[in-house]
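Q: Please take a close look at one pocket in this model and at what lies around it. I would like a connected account, with each term explained when it is first used.

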Amino acid sequence: MDFRHISYFLAVAESGSFSTAAKRIHVSQPALSARIRDLEGELGVQLFFRHARGAELTEEGRRLLPYAQEVDEALRRAKQAFQEKSRSSHLVGITPTLGLYFLPELLQTCSAAGDLDLIVQQASATTLLSMIESGRIDFAICFCNPPIRSTVAVPLFEEDLVLIGRREVIGNVGETVAFDNLKEYPLVVEPRGHHVRKTLDEAALKRGVRLKIVSEVEPVATKLSLLMQSSVCAVAPDWVYRKELREGLLVACQIVGPSLTLKLNLMTRFTQPADVLDRFRTLVWSTVCKLAQAQPNWRLAEPALDFNASVQSS
């Protein structure tokens, strides 16, 4: 007796007909009948009364039915357990501002993959890199510089920061503003340690420019409120305020001489299995490409095709 005997027996018992059961389980009727005869021969009993209207369980067949159903249910649970085991999950870190724009699309992409669950943590880029190095998360998606020891970075895209504010605050400076002229604008900026703030501070120090920082604010909603209600500007990626820019409530000027460039990377450890990295990188890259259709300022990278290439390029 094997599982197929049990499934064939249940098919006939539930259908009340050999022909209907054969169609249901996609086998020929002679093959089904032969399997049932084998089962009856092994048990030494007749399981069905066969008649013109179909098939009906005998007393012995009714005795076998609950056992067959129990075996079938156990097999179903076993299959489900192995299917659930085949699902994988990743601990993924992302910065709060990037998460607002990037995370919903990434979660949708991973959900469509069908066998991948993400457990998401939000923190600053500095904290995320530390968590990668210590093994507390599997991946991080953040703006950062080249990888630290024991990590590898897969480049995703680059973009330049812009000066953002209301027209009456920025004035009619055109499409670009020289970096040295940022000193003329009251700025609301991220706290120290934030990658955008670090990029801004390093450029100011190198150029000898003293910026007019009036407030340090991290939450996007709070910063937006200040931009809309106060005479301040911000230096940020334009997608952070895409809705307000599109509606004309805010305007943006490209910063030049020098431009301030952010690089988005997918970060992980060198010890990350190659197949795991390649699978997740493919999903992240698909997300980037979808979002890039609405972001002409993104300069997409050419991600390495495999883990080894990613390591070598780092």
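A: A pocket here is, on a 1 Å grid over the protein atoms alone, an open set of points with protein on both sides within 12 Å along at least five of seven lines, whereas a cavity is a set of points where a 1.4 Å probe fits but cannot get out; lining residues have an atom within 4 Å of a point. The model is predicted, so that local features need pLDDT of at least 70 and side-chain atom pairs count only at pLDDT 80 or more, while totals for chains, interfaces and linings use all residues. Residues are numbered from 1 along each chain as its sequence is written, and side-chain values use heavy atoms, with hydrogens and water left out.

The second largest pocket is lined by T199, E202, A203, K206, R207, P258, S259, L260 and T261, and its space comes to about 170 Å³ (grid points are joined across faces, edges and corners, and the volume is that filled by probe spheres set on them). Helix α8, residues 195-207, makes the greatest contribution to this lining, with 5 residues; helices (H or I, at least four residues) and strands (E, at least two) are DSSP runs numbered from the N terminus. Sorted by class, the lining holds 3 nonpolar, 3 polar and 3 charged residues, where Ala, Val, Leu, Ile, Met, Phe, Trp, Tyr, Cys and Pro are nonpolar, Asp, Glu, Lys and Arg charged, and the others, Gly among them, polar.

One of the lining residues, L260, sits in the loop between β12 (251-256) and β13 (261-269). L260 has a relative accessibility of 3% and therefore counts as buried (under 20% relative accessible area, against over 50% for exposed and partly exposed in between, with a 1.4 Å probe and protein chains only). Beyond its neighbours within four places in sequence, L260 is in contact (heavy atoms within 4.5 Å) with E159, D160, L161, F179, T199, L200, A203, V235 and I255. Although L260 and V162 are 98 residues apart in sequence, their C-alpha atoms lie 8.1 Å apart.

Helix α8 also has a part in the lining of the largest cavity, as one of the elements that give two or more residues to it, the others being α5 (96-113) and α9 (220-229). This cavity encloses about 240 Å³, and of its 21 lining residues the closest to the centre are T97, L98, E190, H194 and V196. The largest share of that lining, 3 residues, comes from α5, and by class the lining comprises 13 nonpolar, 5 polar and 3 charged residues.

Helix α9 can be followed further. V220, K223, L224 and L227 are its buried residues, and, seen down the helix axis, they fall within an arc of 100°, so they line one face of α9 (the arc is taken from the directions from the helix axis to the C-beta atoms). On the other side of α9, A221 and Q229 are exposed. The cover over the buried residues of α9 includes α5, β7 (162-165), β9 (186-189), β11 (234-236) and α10 (242-246).

As wider background, the largest nonpolar core (buried Ala, Val, Leu, Ile, Met, Phe, Trp, Tyr and Cys residues joined through side-chain atoms within 4.5 Å) has 63 residues, with I141 and L163 making the most contacts inside it. Helix α11, residues 274-292, gives the most to this core, with 8 residues. A second, separate core of 18 residues includes F9, F18, L39 and L64.
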